[in-house]
Amino acid sequence: MDADLAFLSAREQAELIRRGDVSPSELVDGYLERIDALDGRLHSYLTVAADFARAAAQDAEQRIARADVDGTPFLGVPISIKDLADTAGIRTTHGTATYADRVPDVDDEVVARIKRAGFLILGKTNTPEFGSRSTTESPGYPTARNPWDTDRTPGGSSGGAGAALAAGLCPIAHGSDGGGSIRIPAAWCGLVGLKPSRGRVSWSPGPQSANATNGPLARTVADAAAFLDAVAGYATGDFWWAPPPSRPFLDEVGHPPGQLRIAFTTRHPMPEMTVAEAWREAVVETARLLESLGHIVVEGDPPEFDVASTAIIPAAARAADPDLPPLDTLDFPNRTIVSLGNMASAKDLAAAQAALQVATRRYVAFFDDFDLLLTPTLASGPPRVDEQIMGNEDWEGMLELLRIVAFTPAANMTGQPAIALPTGLDAAGLPVSIHLVGRPADEATVLRVAAQLEEATPPLPRPPEPGSLGQIGDTPIRSPRS
């Protein structure tokens, strides 16, 4: 597959298909060839659904031939799905060795909507066990690596999605974000990563998540907006949902935002911790750019948000999962999370939920005076894989990575929309990223300003090709178990 075609945005590929310049089968076969040649080094995919993708491409071509294209803006465009989302007929491991041979019968609602939009599923991207790490490494599966430097992590928990998209192994990637899991790999892989508002995307058929949501990793802000249009909205029985937008999210891209009040900070959320110079400078330069675009930009810090005090809420949910594998089969972070959940009493859980609501009111009140908050996405660039920061079976290993990713979790706890945008490369040639947080349910403003910044910022070059290290052919990847 020609690299120029592989690195086009999803919307550009959709337009080529509509014009008849390329067929869905050509795109699918081209990406499968690239995965076969390049992913032996990256391990961005856990399962490649080659036969499934080729059959879906043929179906798309038949629909195009009979002009049955209404409601399918991405008809024939390939996509990757994070392996935390269930896909009917395609192996779904959730990153845990116990599920190595699990094949669901039913799609998650977000996957069903992705299919209805016309996307063709190439396969399932690598994720840490149950998405509980900010790197992508799990016992029994290969560690995902960053295309910009394969000695480094792409982040997590949508690390496989970020690596695949950055390497040109798909044109857009599905991810999910419970504490930064879309924005972290987007930042370290030089991509756009959008975390929608709480309730914007349904978790059906499972229970709604208070802190996590599905969303896109994309090459462009327009792709992220169009993906959100495809998957957003209420599903029957949702416990809560975001108010519908006044118009499609894609219409916000290029729409003048007017003069906004934007706060910015480079202060690390954890006392006495620092932010790497390149990431601080990215924020300062972006603040100047926003000012030149006519916005009122003010340096200011939001209230502190003690994410650790709310940790028992997702921990209790994990411990209560009826399908949870045996504790002794889980990795250290998940054993720790489940143990914390098991120790929490009903009183502890109620107190944490109350504290979360009070903290959210205080944090969101900051946005009474500001339309957006600008921060670094992360505190520094990606660690080396061999440092195994989250792999250490001790608290210090876990805390070290939490210090690096400390800017992202607050928006998950408050339910606000947030986006990570690439701004350039650091001295080591690795991507640097800024982070915009919007008012509750206000993706529109986030997307308008993100598109402004994208238009005014030179695009990143492509990362180097990772090289060919083994063939996977037409057989779905079957990762070794520990």
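**Exercise 1. Determine whether E109 and R113 are buried or exposed, and work out how they are placed in helix α5.**

Solution. Both E109 and R113 are buried in this model, which is a predicted one. The two residues lie in helix α5, four residues apart, which is about one turn of the helix. They are also joined by a salt bridge, in which the closest N and O atoms are 2.7 Å apart.

The next step is to look at the helix around them. Helix α5 covers residues 109-116 and is mostly covered, with six of its eight residues buried; among these are V110, V111, A112 and I114. The elements that cover the buried residues of α5 include the strands β2 (78-82), β3, β4 (173-177) and β6 (213-218), together with helix α8 (221-231). After α5 comes G118, whose phi is positive, near 105°.

**Exercise 2. Find which parts of the chain are linked by the salt bridge of R200 and E443, and compare this with the pair of D4 and R462.**

Solution. Begin with R200, which forms a salt bridge with E443, the closest N and O atoms being 2.8 Å apart. This pair links distant parts of the chain, since R200 lies in the loop between β5 (192-195) and β6 while E443 lies in helix α15, 243 residues apart. R200 counts as buried because its relative accessibility is 4%, and E443 counts as buried because its value is 1%.

Turn then to D4, whose salt bridge with R462 has its closest N and O atoms 2.7 Å apart. Because D4 is in helix α1 (residues 3-6) and R462 is in the segment after α15 (443-456), this pair ties together parts that are 458 residues apart in sequence. Here D4 counts as partly exposed, at 46% relative accessibility, and R462 is likewise partly exposed, with a relative accessible area of 42%.

These pairs belong to a structure that holds 24 salt bridges, and a network of salt bridges links E15, R18, R19 and D21.

**Exercise 3. Explain what can be said about E137, given that it has no salt bridge.**

Solution. First locate the residue: E137 sits in the loop between β3 (120-125) and α6 (159-166). E137 is buried, and the nearest side chain of opposite charge, that of R133, is 4.1 Å away. A salt bridge requires the nitrogen and oxygen atoms to be within 4 Å. The side chain of E137 does, however, make a polar contact of 2.8 Å with the side chain of T135.

**Exercise 4. Describe the geometry of the aromatic pair Y234 and W241, and then that of F305 and Y363.**

Solution. A search of the whole structure finds nine aromatic pairs. In one of them, Y234 and W241 are edge-to-face, at 4.8 Å centre to centre and with 70° between the planes. Y234 counts as partly exposed at 45% relative accessibility, as does W241 at 48%.

The rings of F305 and Y363 have centres 5.7 Å apart and planes at 85°, so this pair is edge-to-face. F305 lies in the loop between β8 (296-299) and α10 (312-319), and Y363 in helix α12 (residues 346-365), so the pair ties together parts that are 58 residues apart in sequence. F305 is buried, with a relative accessible area of 13%, and Y363 counts as buried at 7%. As a last step, follow the ring pairs onward: they link F305, Y363, F366, F367 and F370 into a cluster.

Conventions: Residues numbered from 1 in each chain as written. Predicted model: local features only at pLDDT ≥ 70, side-chain atom pairs only at ≥ 80, totals over all residues. Heavy atoms only, no water. Buried < 20%, exposed > 50% of the residue type's maximum accessible area, 1.4 Å probe, protein only. Lys, Arg positive; Asp, Glu negative; His and termini not counted. Polar contact = N/O pair within 3.5 Å; in protein donor to acceptor, adjacent residues only side chain to side chain. Contact = heavy atoms within 4.5 Å. Phe/Tyr/Trp six-rings, centres within 6.5 Å; stacked < 30°, edge-to-face > 60°.
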